[in-house]
Amino acid sequence: MKSMKTKKRILITIAHLFLAVLAVIWVFPIFWVIMTSFRAGKGSYSTEFIPDELTLGNYVKLFTDTGVFDFPRMFMNTFIIAAATCILATFFLISIAYTMSRMRFKMRKPYLNIALILGMFPGFMSMIAVYYILKGMGLTDGGLKLIALILVYSGGANLLSFYVAKGFFDTIPKGIDEAAYIDGATKWDVFTRITLPLSKPILVYTLLTSFIAPWTDFIFAKVIVGSDAKYYTVSVGLFQMLAKENIYQWYTCFAAGAVCVSIPIAILFIYVQRFYADGLSGAVKG
Amino acid sequence: MRARAKKKGNQARIKEFPDSVSVREAIRKGNATVRLSCLVMGAGNLRYGQYVKGILFLAAEVVYILFMSLFGAGALAGLTTLGIQTTQEVFNETKQIYEYVQGDNSMLFLLYGVAVIFITIGFFIIWRTNVKSAYAQQKRKEQGKPVLTLREDLKSLLDNRLNVTLLFFPTLCVVMFTILPLVFMICMAFTNYDRNHQPPGQLFDWVGLVNFEKILDTGSGLGYAFWHILGWTFIWAVAATFLNYILGMILAMVINWKETRLKSFWRFIFVLSIAVPQFVSLLIMRTMLQEQGAINVLLQNLGLISDALPFWTDATWARVTIIIVNLWIGIPFTILQVTGILQNIPAELYESAKIDGAGPVTIFFKITLPYMLFVTAPYLITQFIGNINNFNVIYLLTEGGPAAMDYYNGTGGKTDLLVTWLYKLTIDFKDYNYGAVIGILTFVICAVLALATYRRTGSYKNEEGFQ
């Protein structure tokens, strides 16, 4: 009995050590960005991990030196795009996923198969075509570029990833729906009053992933925004900072910008941690 | 044989949905009004008193005919020729100077032609709805049921036909921003739209399967590059998908283990790396792993190595490094994905297994793993496809390098995936036709793999299995 206990204790220690080592590896690059963002010296190469001289200058420069890179504006652009995208995309995705999970109609199987097939085309293949279509709709001039990006991010290929949400809806017992139908509920009632309240985890997951997409994507943004610095998103702007002609002057500012971009997303993640913690035991607890 | 099986399938489907009618049935059994609505859309609805619906159908028809006669027909004709007039100098008699006359733009001809085809398909769907709707009204009348008022009709959109309501806008978006551009690009694979045929100014034309032959031919420079890049794409996709899934699941289970303390702290640490936008973390990793980067400096200071490790400059090193860096990116996503489902496993299953005397290993293999595979099979497949198409990781870390001059004049590099090569070919080198062919071939590979495995998974065959 006692040896069982010590064995278990050793196992617990190993598990924690394992987690600790991995945690260090995971946090290290993040730590390094933060340190770089406070570094006084310029350029991308540095021989020390904790810089000799710490400064807030990079942040000040990032937010005040708006001549070449207008970071506050890029930030607002991206924020507007991301906010609109996550609402629109979640609405779209949840609609598709719920329909596919819960309703039975003639076009269902073909629809599922088509979605699966479309998802297998490389997303970049049609990028040029998407650009010309948006141009044809007149959405590539001035501020309309932001709308074009919202449409692409929320209505594009990401919609075909509804399978994740569908998988979640599939795990909600159908008995609940049927009980509601017997009580005279319409399908819309069941969807909005029964399924959705039970689906917070997947809603949050979808909201998050679609909110993050505009912050991370830079290829589409680059193609649609082009060289119009007024409508740069954060990612295009930060990427430009690493261009050969800017990297020496702007590398530490890039790190500062990266930290600033990560903060809203990190706050969101901390907020939704509880959804992923023990609370996410499916829709209905057994 | 096949046709018969298909027909049987259709019949089974129709039987499954007794309320629906097929267009063929509507035309065969419908009365004169139903047949009239084949020509004059909305006639059926108007006769049976559904005025708003009838007028809408009629309006759709008028608009479509106007559109086609003013613009559509010309665009369709242009699609066959892709333009005949090149840009040229023409002598202007009145001004007594040479002027450039804008020629046809093959690219726009192609795009408009494809768009008109899509609009026509859309119109055809409206037409079908119109015929079916007319027949449905006739049937209701024969059965002595009152004709649905507009209000009841709209109400059914929130009940029996909720699927139509929920799917309408998402589908419209998918058609506009995914399917239409895709068809447009697929068409390019059959043209000679390369760097020597750039509209406006030059025309391109249909060439059939020539591009496919060139790329699949191992003897040509293009073919050589294609097969080598394809090989690496596969190695990458398998390694990236399965390492991420297995290691991520193990990590998630260690965190979920009831003896583990500070669960949310560990989870937070790993999720933190998602919080950093991918392109930032990837660019950081790239600078860290450079010859003078942080990692090399650290190892040299510790005296572990004397020369810098060639993380990005040696082909094999670069490939391995990419896979490892991708673990850093991918594992947190697996944890997020898997944690919820792990906790979703019904507790009864575990309890009854314990009562039957199963140990933790048996429980893992008999309950956890099958359940996980059942629920996450689609996720795994999407991941695999996603990795074949994983542009970000490769492009941001190495831009495909180290360069390989033997890959079609250096258009590709040693770590290029098919997608990054596609990107370079189209954006940097303007070889749209080859880019499109590579896109199609990538698709074929993904499609064959995925459909084969996906149809085998439990979650496709038996969707209601765990419900």
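## Exercises on a two-chain model

Helix α16(B) bends by about 60 degrees at Thr376(B), and a proline, Pro378(B), follows within four residues. The bend at a residue is the angle between axes fitted to the seven residues ending there and the seven starting there. This is a predicted model, in which local features need pLDDT of at least 70, side-chain atom pairs count only at pLDDT 80 or more, and totals for chains, interfaces and linings use all residues. Residues are numbered from 1 along each chain as its sequence is written, while chains are lettered from A and ligands numbered from 1 in the order in which they are written.

**Exercise 1.** Work out how far apart the end C-alpha atoms of α16(B) are, and what a straight helix would reach.

*Solution.* Start with the bounds: α16 of chain B covers residues 360–388, which is 29 residues. Helices here are DSSP runs (H or I, at least four residues), numbered from the N terminus. Next, take the expected span, 1.5 Å times one less than the number of residues; for a straight helix that gives 42 Å. Finally, compare: the end C-alpha atoms of α16(B) are only 35 Å apart.

**Exercise 2.** Find out whether Thr206(A) is buried or exposed, and what it touches.

*Solution.* First, place the residue: Thr206(A) sits in helix α10 (residues 200–216) of chain A. Then count neighbours, with C-beta atoms placed from the backbone: 20 or more others within 10 Å means buried, 12 or fewer exposed, and in between partly exposed. Thr206(A) is buried because 25 other C-beta atoms lie within 10 Å. Now look for contacts (C-beta atoms within 7 Å). Leaving out residues up to four places away in sequence, Thr206(A) touches Thr90(A), Leu93(A), Ile94(A) and Ala165(A).

**Exercise 3.** Follow Leu93(A) into the largest nonpolar core.

*Solution.* Such a core is a set of buried Ala, Val, Leu, Ile, Met, Phe, Trp, Tyr and Cys residues joined through C-beta atoms within 7 Å. The largest has 172 residues, and Leu93(A), Ala97(A), Leu149(A), Phe162(A) and Leu422(B) have the most contacts inside it. Helix α3 (residues 71–102) of chain A supplies the largest share of this core, 14 residues. Beyond four places in sequence, Leu93(A) touches Leu159(A), Phe162(A), Ala165(A) and Thr206(A).

**Exercise 4.** How many residues of each chain are in contact with the other?

*Solution.* On chain A there are 80, facing 84 on chain B. Helix α1 (residues 2–37) of chain A gives the most to chain A's side, with eleven residues.

Definitions and conventions: Two residues are in contact if their C-beta atoms, placed from the backbone, lie within 7 Å. Helices (H or I, at least four residues) and strands (E, at least two) are DSSP runs, numbered from the N terminus.
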